[in-house]
Structure formats: C-alpha cells, structure tokens
Amino acid sequence: DVPAGDYVAVMGPSGSGKSTLLNQLGCLDRPTSGEYHLEGKDVTNLSDDALSDIRGRRIGFVFQSYNLISYLDVLENIRMPRSYSRKVDQDSEAPADLADAVGLADRWDHRPQQLSGGQQQRVGIARALMNDPVFILADEPTGNLDTRTTEEILDLLDRLNAEGKTIVL
C-alpha cells in the first residue's frame with residue numbers, strides 16, 4: 001500500500017524487479033498474478049485503452065534516461081502528455097508555468113541537446129506534472145546525474161511531495 005501523499009523509495013540490487021514494479025504501478029505492464037488497485041479500483045484486467053487513459057490522467061513518469069524528444073523544445077516536450085489526453089486545449093500557459101517551477105524559465109526554446117543532464121531531467125519532471133497526476137513514478141531519476149544535480153533533483157521531488165504529490169522512487 002502506498003497512501004496518498006506518501007513518498008516511497010524502492011531499493012534493491014540491479015535485476016531485482018524495481019523497474020518491473022514501477023511499470024506495473026504505472027499500468028505499463030500487467031502483473032502475472034494477484035491484483036493491482038489504483039485509488040481503490042482494481043485495474044488488473046482493464047483494457048489497454050482504459051489503462052492508457054489512467055496513465056494519461058493519473059500517473060506522471062520520470063525516467064532515468066529523460067526520454068525527451070530531440071526535435072522538440074522545452075515547452076513542447078513538457079506539453080507532450082497533453083497530446084494524449086482530453087485536456088489538449090486547456091490551460092495553454094501550463095507548460096511555461098511548469099518550466100518556471102522547475103527552474104527553466106530561461107530555457108523554453110532550447111532543445112534537449114542544448115541542455116545539461118540536470119536541465120533535461122527537470123524537463124522530464126515538468127512533463128510528468130503536465131496532467132496534474134495523482135502520483136509520480138520516478139525510475140532512477142538521478143542515475144545519470146552528478147552529485148550536485150542529484151541533490152537538486154531530489155530537493156525538487158521533496159518539494160513536490162510537500163505540495164501533496166505521491167511519489168514512488
């Protein structure tokens with residue numbers, strides 16, 4: 001159980017199933033046995049379309065390798081989850097607000113290759129927040145970063161949790 005507003009770190013050696021667990025929590029993979037309840041609803045046997053809808057509305061993903069689209073700028077990368085949701089035309093200022101919130105106010109028009117690793121990860125975090133998810137799944141979000149940038153990203157995640165976001169790291 002991960003209560004709303006909690007901040008959970010899943011730890012273990014390489015190959016122990018941490019990413020697999022996050023993929024199941026994120027409705028990307030299905031468990032081979034048992035049930036998975038998200039916000040009290042059994043999502044184990046939902047259709048792919050229903051799971052996709054849940055991912056788009058309820059879950060924010062932060063990836064170790066950033067997964068930014070190279071030909072899109074910061075704001076376009078942040079806006080990407082909206083293209084998969086029903087909120088496409090709502091709140092056109094949200095990407096800029098999120099970029100500002102993660103410290104990228106002066107980088108809106110930059111493409112990923114023009115950003116440092118820490119800046120790219122901040123774009124990834126802002127993108128994860130685009131649809132105001134119930135919880136954030138962060139799969140080794142600092143694995144490719146130096147010590148100082150790691151601290152900054154963890155501070156940002158701490159701040160998001162203090163604002164009420166549920167985080168599984």
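This is a chat about a sheet, a helix pair and one loop residue in a predicted model.

Trainee: What should I know about the model before I start?
Mentor: It is predicted, so local features need pLDDT of at least 70 and side-chain atom pairs count only at pLDDT 80 or more, while totals for chains, interfaces and linings use all residues. Residues are numbered from 1 along each chain as its sequence is written, and side-chain values use heavy atoms, with hydrogens and water left out.

Trainee: Okay, the sheet. What is the strand order?
Mentor: The order is 1-6-5-4, in an open sheet of four strands with parallel pairing. Strands here are DSSP runs (E, at least two residues), helices are H or I runs of at least four, and both are numbered from the N terminus. Two strands pair if DSSP finds at least two bridges between them.

Trainee: Which strands are at the edges?
Mentor: Strand 1 (7-8) and strand 4 (59-63), each of which pairs on one side only.

Trainee: And how many bridges does strand 5 make with strand 4?
Mentor: Five, in the parallel sense. Phe63 has Asp139 in strand 5 as its bridge partner. With strand 6 (residues 166-168), strand 5 (residues 135-139) has three bridges, also parallel. Ile136 stands opposite Ile167 there.

Trainee: Is strand 5 largely enclosed or open?
Mentor: Largely enclosed by the rest of the structure, because four of its five residues are buried. Buried means under 20% relative accessible area, exposed over 50%, and partly exposed in between (1.4 Å probe, protein chains only).

Trainee: Switching to helices. How do helix 5 and helix 6 cross?
Mentor: The axes of helix 5 (residues 117-129) and helix 6 (residues 147-162) come within 10 Å and cross at roughly 15°. That makes helix 5 roughly parallel to helix 6, a term for angles under 35 degrees. Axes are lines fitted to C-alpha atoms, for helices over the stretch in contact, and angles run from 0 to 180 degrees between N-to-C directions.

Trainee: Which residues make the contact?
Mentor: On helix 5, they include Gln121, Ile125 and Leu129; on helix 6, Ile153 and Leu156 are among them. Contact means heavy atoms within 4.5 Å.

Trainee: Last one, Pro133. Where is it?
Mentor: Pro133 lies in the loop between helix 5 and strand 5. At 4% relative accessibility, Pro133 counts as buried.

Trainee: What does Pro133 contact?
Mentor: Leaving aside neighbours within four places in sequence, its contacts include Arg57, Ile59, Ala128 and Lys165. Pro133 and Lys165 are 32 residues apart in sequence and 8.0 Å apart in space, C-alpha to C-alpha.

Key:
Parallel < 35°, antiparallel > 145°, perpendicular 65-115°, else oblique.
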